[in-house]
Amino acid sequence: MKRNNSLNWIVSGLLVFLASCSDFEAINKNPNSPEKVPTQSLIAYVERSIVDEIRSTNLSIGRSDLYVQWLANNTYTDADRYYWISSNGNDSWKNLYLAQSNLDEIIRLNVDEATKAQAAQNGDNNNQIAVARILKVFTYQVMTDTWGDIPYSSFGGSNATFDAGKADQGVIYAQYAKQELIYADLLKELKEASDQLNTGSSAFASGDAIYKGNALKWKKFANSLSLRIANRVRNKLNEADNRIKEILANPAQYPIFESNDDNALLAFETNAPNQAPFYKATTLANRNDYAVSNVFVDFLQGKKAVFPVQDPRLSVYAQPNNKGNYVGQYYGMDMFTASLVSPDSVSKPGAAFYKSDYKEVLMEYAEVQFILSEYKNWDQQHYLNGIRASMQKWGISNTAVDSYLQSAPPASQETVLTQKWVALFMQGNEGWAEYRRTGYPNFLIKAGDIVWKGTVNGQPVTKTFEPIGISSVPSRLLYPNNEVQLNSAQYQKAVAQQGGDQLDTKVWWNK
């Protein structure tokens with residue numbers, strides 16, 4: 001397979017001077033990194049850095065987890081109300097592109113004749129390349145779902161559309177690819193990566209914290225991730241629907257997740273600096289301001305008409321308050337009103353989420369079942385499989401699971417997508433994307449809804465949800481201001497191509 005000789009990554013605002021270089025292969029070498037970093041070190045670092053950034057306060061804990069109303073803030077409530085400034089995205093943008101650079105380095109070490117033999121000591125060359133491609137796709141999908149059109153270049157593509165940079169008078173600037181083209185290429189990359197994997201050999205002998213080098217599980221992840229991506233755009237791209245059909249028609253060639261044992265999980269550690277993102281954002285930062293929202297607690301308690309039965313995951317997803325009750329934080333309050341509610345009087349996320357070695361989910365079996373239920377016109381069995389898988393993952397007893405399923409309303413667009421929202425808890429990037437795509441659950445608090453009634457200085461007060469700047473859940477995040485300032489020409493092209501750089505500008509798949 002031919003590797004694209006264009007620069008495969010570029011961090012916003014980074015200007016690379018070419019000096020006397022005449023060929024792009026020389027440019028691809030990073031002079032600031034060692035030439036012989038072992039692939040086990042690279043994969044260990046890059047897996048953690050990707051998940052750490054995607055689940056960070058900037059992208060998940062203080063953003064998308066709030067947007068889908070799993071969480072609510074009881075102190076800095078502006079984020080609940082959609083306030084965002086472009087500088088918030090600088091670190092996430094930079095760090096995710098640096099992760100892409102490290103994945104490209106793994107590929108280079110396994111392709112370059114001078115280094116591939118050494119790289120093969122840590123696993124089959126093609127398998128290492130395939131895993132890097134899968135992780136690139138996973139990361140790029142989160143990035144394009146977050147910002148829309150972005151700089152993008154795949155491993156094998158020779159199409160100049162995807163060149164992340166272009167030499168012009170000795171300088172390379174990051175250009176943007178259209179999301180439509182990115183999505184099509186993500187599907188191509190995953191198919192090729194799945195075909196490239198040799199399940200008879202290890203992917204990584206060491207360093208892989210997700211699957212311990214198990215090539216079959218990586219293949220299942222590649223094809224399950226294909227279902228996620230294709231399902232999102234199957235009404236927009238013919239190749240997306242064709243890819244789902246191909247996977248389902250050829251289970252031996254394209255296996256998908258078959259149980260929770262196949263879940264793509266990354267376990268963090270108890271030692272610094274490798275603790276889990278939520279642990280660092282709360283316990284280490286000495287912050288007590290994230291609580292489970294009243295919207296989510298009410299649903300789990302069976303107070304929503306769509307599922308009028310108590311969910312046994314309540315005790316996993318939330319902790320009792322200081323009086324032993326499950327009470328959600330009122331969502332969308334202004335800062336003054338929120339300050340009237342004691343943080344100890346509302347439920348925090350479950351104890352499992354505060355563990356320093358928490359296992360973050362990249363994708364799981366329950367999600368695959370909900371995707372299949374939707375694809376098969378809201379199939380009942382896949383719907384029940386998805387609920388059961390989610391509950392079993394959290395250790396809910398079979399008796400409790402069976403009781404809940406017996407009371408569950410039948411599969412429909414509303415019930416399947418609402419249960420998918422429940423199962424995705426704390427996987428903010430996917431929960432937010434699915435809400436934008438589907439509008440479910442349809443009971444989230446909206447502008448003008450009453451969010452709090454109480455007494456202030458002896459007077460009755462009613463507060464409504466008043467978003468800041470826009471009227472509904474953000475459709476994307478603003479491009480980082482470093483991009484605006486240091487890559488302005490390409491930024492302006494992207495804005496003209498996609499639409500205004502606003503929170504309510506819809507990305508391509510949501511138009």
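Helices here are DSSP runs of H or I with at least four residues and strands are runs of E with at least two, all numbered from the N terminus. With that in hand, Q369 can be placed in helix α14 (residues 365–375). The model shown is predicted, so to speak of local features a pLDDT of at least 70 is needed, side-chain atom pairs count only at pLDDT 80 or more, and totals for chains, interfaces and linings use all residues. Residues are numbered from 1 along each chain as its sequence is written, and side-chain values use heavy atoms, with hydrogens and water left out.

**Figure 1. The whole chain at a glance.** The protein chain holds 20 helices and nine strands. Of its 511 residues, 58% count as buried; buried means under 20% relative accessible area, exposed means over 50%, and partly exposed lies in between (1.4 Å probe, protein chains only). The accessible surface comes to about 19800 Å², and carbon and sulfur atoms own 47% of it. These areas come from the Shrake-Rupley method with a 1.4 Å probe, and for residues only the protein chains shown count as cover. Among contacts in the chain with a separation of 6 or more, 76% are between residues 24 or more positions apart; a contact means heavy atoms within 4.5 Å.

**Figure 2. Inside the largest nonpolar core.** Such a core is a set of buried Ala, Val, Leu, Ile, Met, Phe, Trp, Tyr and Cys residues joined through side-chain atoms within 4.5 Å. This one has 149 residues, and W218 and F221 touch the most other members. The most residues come from helix α6 (residues 125–147), which gives 12. Take a look around F221: beyond its neighbours within four places in sequence, F221 contacts I134, F138, Y211, F257, A264, L362 and M363.

**Figure 3. Aromatic rings that meet edge-to-face.** A pair of aromatic rings is described by the distance of the centres and the angle of the planes. Rings of Phe, Tyr and Trp (its six-membered ring) pair if their centres lie within 6.5 Å; planes under 30 degrees apart count as stacked, over 60 as edge-to-face and the rest as tilted. By this rule there are 33 aromatic pairs. In one of them, the ring centres of F353 and F425 are 5.2 Å apart with planes at 85°, so the pair is edge-to-face. F353 sits in the loop between α13 (335–338) and β7 (359–363) and F425 in the loop between α17 (413–423) and α18 (428–438), so the pair ties together parts that are 72 residues apart in sequence. F353 is buried at a relative accessible area of 2%, and F425 is buried at 3%. Another edge-to-face pair is Y479 with Y491, at 5.9 Å centre to centre and 85° between the planes. Both F353 and F425 also belong to a cluster linked by ring pairs, whose members include W70, F296, Y317, W394 and F443.

**Figure 4. Arginines over aromatic faces.** A charge sits over a ring if NZ of Lys or CZ of Arg is within 6 Å of the ring centre and within 35 degrees of the ring normal. R243 lies over the face of Y254, 4.2 Å from the ring centre. R436 lies over the face of W432, at 3.7 Å from the ring centre.

**Figure 5. Helix α15 and its neighbour Q369.** Helix α15 (residues 380–393) has 14 residues and reaches 20 Å from its first C-alpha to its last, close to the 20 Å expected at 1.5 Å a residue; the expected span is 1.5 Å times one less than the number of residues. Its buried residues include H382, Y383, G386 and A389, and the buried residues of α15 pack against α12 (314–317), α14, α16 (398–407) and α17. From α14, Q369 touches H382, N385 and G386, not counting residues up to four places away in sequence. Q369 counts as buried at 5% relative accessibility. Q369 and A389 are 20 residues apart in sequence and 8.7 Å apart in space, C-alpha to C-alpha.

**Figure 6. Backbone details in the loops.** A cis peptide bond joins A272 and P273, with omega about 0°, and P273 is in the loop between β5 (264–267) and α10 (277–284). Another cis peptide bond joins Y440 and P441, with omega about 5°. K212 has a positive phi of about 55° although it is not a glycine, and K212 is exposed, with a relative accessible area of 66%.
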